[in-house]
Amino acid sequence: MSAIARLAVSPACSRALMGNRVFRPVMAARTIQTTAVSKDIDSAAKFIGAGAATVGVAGSGAGIGSVFGSLIIGYARNPSLKQQLFSYAILGFALSEAMGLFCLMMAFLPLFAF
């Protein structure tokens with residue numbers, strides 16, 4: 001059985017049956033284009049890391065709310081320290097906002113730098 005199969009697919013047999021004709025396809029075959037698995041995993045890791053890094057922005061918002069909430073409580077307790085409390089509140093707001101912006105920068109860094 002295997003000898004018959006070898007004879008049927010051997011080049012000598014096919015030349016004898018077809019007579020030295022060369023068949024060329026009318027249309028070129030298209031190959032399937034896919035991305036490499038490692039690139040897909042890398043891009044998924046980038047998006048997961050960026051999403052995890054944006055959690056710090058929510059912490060910044062909570063910090064800003066806490067700073068101005070404490071400012072209002074401080075005004076209510078001692079209105080004579082209004083100017084000093086306000087300057088401390090602006091300093092706290094700036095530091096908290098800077099931390100939020102750093103977290104946002106670290107979230108965008110893996111997406112666009114790597």
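F93 is partly exposed, with 31% of its relative area accessible. In this predicted model, that phenylalanine makes a handy way into the fold, so the aromatic residues come up before the helices that carry them. F68 is likewise partly exposed, at a relative accessible area of 28%.

The aromatic pairs number 2 in total. One of them brings together F68 and F93, with 5.9 Å from centre to centre and 55 degrees between the planes, a tilted arrangement. This pair ties distant parts of the chain to each other: F68 belongs to helix 4 (residues 55–77) and F93 to helix 5, and their positions lie 25 residues apart in the numbering. F108 and F112 pair up as well, with ring centres 6.0 Å apart; their planes meet at 50 degrees, so this pair too is called tilted. Here the partners sit in one helix, since F108 and F112 are 4 residues apart in helix 5, or about one helical turn. That spacing fits the general rule: an α-helix takes 3.6 residues for each turn, so residues three or four places apart point the same way. As for cover, F108 is partly exposed at 44% relative accessible area, while F112 reaches 69% and is exposed, because the cut-off for that class is over 50%.

Stepping back to the whole chain, the protein is built from 5 helices and 0 strands, which gives the pattern α-α-α-α-α along the sequence. Of the 114 residues, just 10% are buried. The accessible surface of the protein is about 9,500 Å², and carbon and sulfur atoms account for 71% of that area. As to contacts between residues at least 6 apart in sequence, 69% join residues at least 24 apart.

Helix 5 covers residues 82–113. Its 32 residues stretch 45 Å from the first C-alpha to the last, close to the 46 Å expected at 1.5 Å a residue. Helix 4 behaves in much the same spirit: its end C-alpha atoms are 34 Å apart, and the 23 residues should span 33 Å at 1.5 Å a residue, so the two values agree.

How do these helices meet? The buried residues of helix 4 pack against helix 5. On the helix 4 side, the buried positions are S60, I64, L71 and G74. On the helix 5 side, they are A89, S96, G100 and A107.

A89, in helix 5, has a relative accessible area of 4%, so it falls in the buried class, which takes values under 20%. Setting aside neighbours within four places in sequence, A89 is in contact with V67, F68 and L71. F68 is thus a contact of A89 as well as the ring partner of F93. The C-alpha atoms of A89 and V67 are 6.0 Å apart, with 22 residues separating the two along the chain.

Further along helix 5 comes S96, which is buried at 14% relative accessibility. Beyond its neighbours within four places in sequence, S96 is in contact with S60, G63 and I64. S60 lies in helix 4 and is buried at 7% relative accessibility. Seen from S60, the residues touched are S96, E97 and G100, again not counting those up to four places away in sequence. G100 is itself among the buried residues of helix 5.

V57 also sits in helix 4, but V57 counts as partly exposed, at 32% relative accessibility. Not counting residues up to four places away in sequence, V57 touches G100, C103 and L104. G100 is therefore touched by S60 as well as by V57, because heavy atoms within 4.5 Å are what counts as contact. V57 and F102 are 45 residues apart in sequence, and their C-alpha atoms are 8.7 Å apart in space.

F102 turns up again on the outside of the protein. Together with M99, M105, M106, L109 and F114, F102 makes a nonpolar surface patch of about 660 Å². M99, one of the patch residues, is found in helix 5. Helix 5 therefore supplies buried residues, among them A89 and S96, along with M99 of the nonpolar patch, and it carries the tilted pair of F108 and F112.

Methods
Residues are numbered from 1 along each chain as its sequence is written. This is a predicted model: local features need pLDDT of at least 70, side-chain atom pairs count only at pLDDT 80 or more; totals for chains, interfaces and linings use all residues. Side-chain values use heavy atoms; hydrogens and water are left out. Helices (H or I, at least four residues) and strands (E, at least two) are DSSP runs, numbered from the N terminus. Buried means under 20% relative accessible area, exposed over 50%, partly exposed in between (1.4 Å probe, protein chains only). Accessible areas come from the Shrake-Rupley method with a 1.4 Å probe; for residues, only the protein chains shown count as cover. Patches are made of residues with over 30% relative accessible area and no salt bridge: like charges are joined within 9 Å, nonpolar side chains (Val, Leu, Ile, Met, Phe, Trp, Tyr) within 5 Å. A salt bridge is a side-chain nitrogen of Lys or Arg within 4 Å of a carboxyl oxygen of Asp or Glu. Rings of Phe, Tyr and Trp (its six-membered ring) pair if their centres lie within 6.5 Å; planes under 30 degrees apart count as stacked, over 60 as edge-to-face and the rest as tilted. The expected span of a helix is 1.5 Å times one less than its number of residues.
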